[in-house]
Amino acid sequence: MDPFTLIAVATAAGFVFNKMSGSSVREERREFTYSRDLVARLKPDNRSEFDLAAIDVLKEYRLVKKLVDNQFPLVFITGGAGTGKSTFVRWAMKEFAGSVLLGAPTANAAITAGGKTLHSLFQLPTGWIVKSHIKKAPQKREFREAKLLIIDEVSMVTANLLDGISAFLRVNRGVNAPFGGLPVIMVGDMFQLPPVVTKDIVPLYKKIYGSPKFYNARCLQQATYYGVELTRTYRQSDQEFVDILTRLREGVDLKNSVAHLNSRCTITDRVGPGTVWLSPRNREVDFRNSEEMTRLSGTARSYRGLLSGQFSGDRLPAPTDLTVKVGAQIMFTRNDVNKRWINGSIGVVRRLLNDKIFIELAETGKIVDVGRVKWTDYHYFYNKKSNRIDRTRTGSYQQFPLVPAWASTIHKSQGKTIENVHLDLGAGSFETGQTYVALSRCRSLSGLTLSRPLTVADIIVDYESKQFYDGLRQIIKKLPPKKMMQTLAG
């Protein structure tokens, strides 16, 4: 179908970013007034970890593919924790192989998704981005020949960073349009963790954007998009738990929802084996992991990671100096190619050899042998012979895919599925979506314990995002996926 017709249909339904976000900005849809986000760089290749044949290909996935095939400019895919957003990204990377750029805002998100970090991919600084930061790339062909850009974890992307990406593509694709005319799929849950913004630039966001949220970017003002909300939950099968999480996510009937959760969870300071202690603050996590390691008898053994070439060392997926003892609780940081564990699985160290570590999996009790794995960094380039976008290796990192994990920060847990979670908020949560992210890592109520009863004050709901979703859902009712698919077929 003619993309202009599709855009007209979506615009008529109300899929226009400035209308949904309530922004008062009416300036030219250009970028150059930019932001700070989390440190972000490159990404290792994890394609072999996923069995794409086993993916449940949802009708929403097929709709998005048809939109991209018809050169629709912007698609926003959202949904609560565990609804298949990451699965969509892996599926889309396969469907559009050779023509897609994939980026995420943070190192952890990039490693999980299988792409580069946005700052690295688009050669942007990690501070407030301005016009002078937008450079012509030495190798522009990969950007000119790309057919699609996927941005994962878009809830953590600032408006300023998105403007920087759009400006970079405008320059390097030679097309005077947002994102240089490249179709973009943005994936994320705005009720999960927001962008990290330092205090010194908060006033800039208030003055220029209103807030740091991605949908306030100037490149999106008056831009037509289509929104898809995934609603089926795959991580949790307990409907009672799903209902509680849904209400907490959006701040619905908080008093009763919190009371219901407290009544169904054990309140304790005693954490059983195989349970990960989640906390908002690094110092609490570091203290607990160190204390638990010290309690173990036996000699600690250290394993050095091996860096080769250009591989950014500030966001390694496993410690350079991995120190463990027999009996130590660990978390896997990468899926197993043989499907014995997944990223986020918990286990206990049972034996230490030079090239093998034997781990007893908490969920099954099975002992598995774990060897060193290799993460690889890549550079995108256009391959003239194959007429597609390929990647060349720029560096690698080899290490056991393990971290000590009696405790973990909530930020580092995002994107993981953890069988047993103990939530200790300490002095309380300090960020919107933080408590929801922690709770939703767990598969079931039976696997969740609390250090104290939660209070309504612990659930910090992002009401800007709530307004965003209220508007989005009203628009989706006017042009639901089924109707949009019929339009595409028509």
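How many helices and strands does the protein chain have? In this predicted model, the protein chain contains 16 helices and 21 strands. Of the 490 residues in the chain, 57% are buried. Among contacts between residues at least 6 apart in sequence, 78% join residues at least 24 apart.

One part of the fold is an open sheet of six strands, arranged in the order S3-S2-S4-S5-S1-S6 with parallel pairing. The edges of this sheet are taken by S3 and by strand S6 (226-230), each of which has a single partner strand, so one side of each is left without a neighbour in the sheet. Helix H3 packs on the sheet, where it touches strand S1 (74-79), S4, strand S5 (184-187) and S6. The direction of H3 makes about 165 degrees with that of S6. In general, the strands of a sheet pair through backbone hydrogen bonds, either parallel or antiparallel.

Within this sheet, strand S2 covers residues 100-104 and is mostly covered, with five of its five residues buried. The side chains of the strand are divided between two directions: Val100, Leu102 and Ala104 point one way, while Leu101 and Gly103 point the other way, and all are buried. Strand S2 pairs with strand S4 (residues 148-151) in the parallel sense, over four bridges. In this pairing, leucine 102 of S2 stands opposite isoleucine 150 in S4. Strand S2 also pairs in the parallel sense with strand S3 (residues 116-117), here over two bridges. The bridge partner of alanine 104 in S3 is threonine 117.

Helix H3 (residues 59-69) also meets helix H16 (residues 481-489), and the two axes come within 10 Å and cross at roughly 40 degrees. Angles of 35 to 65 degrees fall in the oblique class, and H3 and H16 are therefore oblique to each other. The crossing of H3 past H16 is left-handed. On the side of H3, the contact is made by Lys59, Arg62, Leu63, Lys66 and Leu67. H16 contributes Pro481, Met484, Met485 and Leu488. Taken together, the residues of this contact divide into six nonpolar, three charged and no polar.

Two further residues, aspartate 424 and serine 408, were examined individually. Aspartate 424 lies in the loop between strand S20 (421-423) and helix H14 (434-439). Its relative accessibility is 18%; buried means under 20%, so aspartate 424 counts as buried. Alanine 438 is 14 residues away from aspartate 424 along the chain, and the C-alpha atoms of the two are separated by 9.7 Å. Leaving aside residues up to four places away in sequence, aspartate 424 touches Trp277, Leu278, Ser279, Pro280 and Ser451.

Serine 408 belongs to strand S19 (residues 407-409). With a relative accessible area of 9%, serine 408 is buried. Residues up to four places away in sequence again being left out, serine 408 touches Val276, Trp277, Leu278, Ser279, Val285 and Ser413. Trp277, Leu278 and Ser279 are thus among the residues touched by aspartate 424 and also among those touched by serine 408.

Key: Residues are numbered from 1 along each chain as its sequence is written. This is a predicted model: local features need pLDDT of at least 70, side-chain atom pairs count only at pLDDT 80 or more; totals for chains, interfaces and linings use all residues. Side-chain values use heavy atoms; hydrogens and water are left out. Buried means under 20% relative accessible area, exposed over 50%, partly exposed in between (1.4 Å probe, protein chains only). Two strands pair if DSSP finds at least two bridges between them. Axes are lines fitted to C-alpha atoms, for helices over the stretch in contact, and angles run from 0 to 180 degrees between N-to-C directions. Angles under 35 degrees count as roughly parallel, over 145 as roughly antiparallel, 65 to 115 as roughly perpendicular and the rest as oblique. A crossing is left-handed if the near helix is turned anticlockwise from the far one by less than a right angle, and right-handed if clockwise. Contact means heavy atoms within 4.5 Å. Ala, Val, Leu, Ile, Met, Phe, Trp, Tyr, Cys and Pro count as nonpolar, Asp, Glu, Lys and Arg as charged, and the others, Gly among them, as polar.
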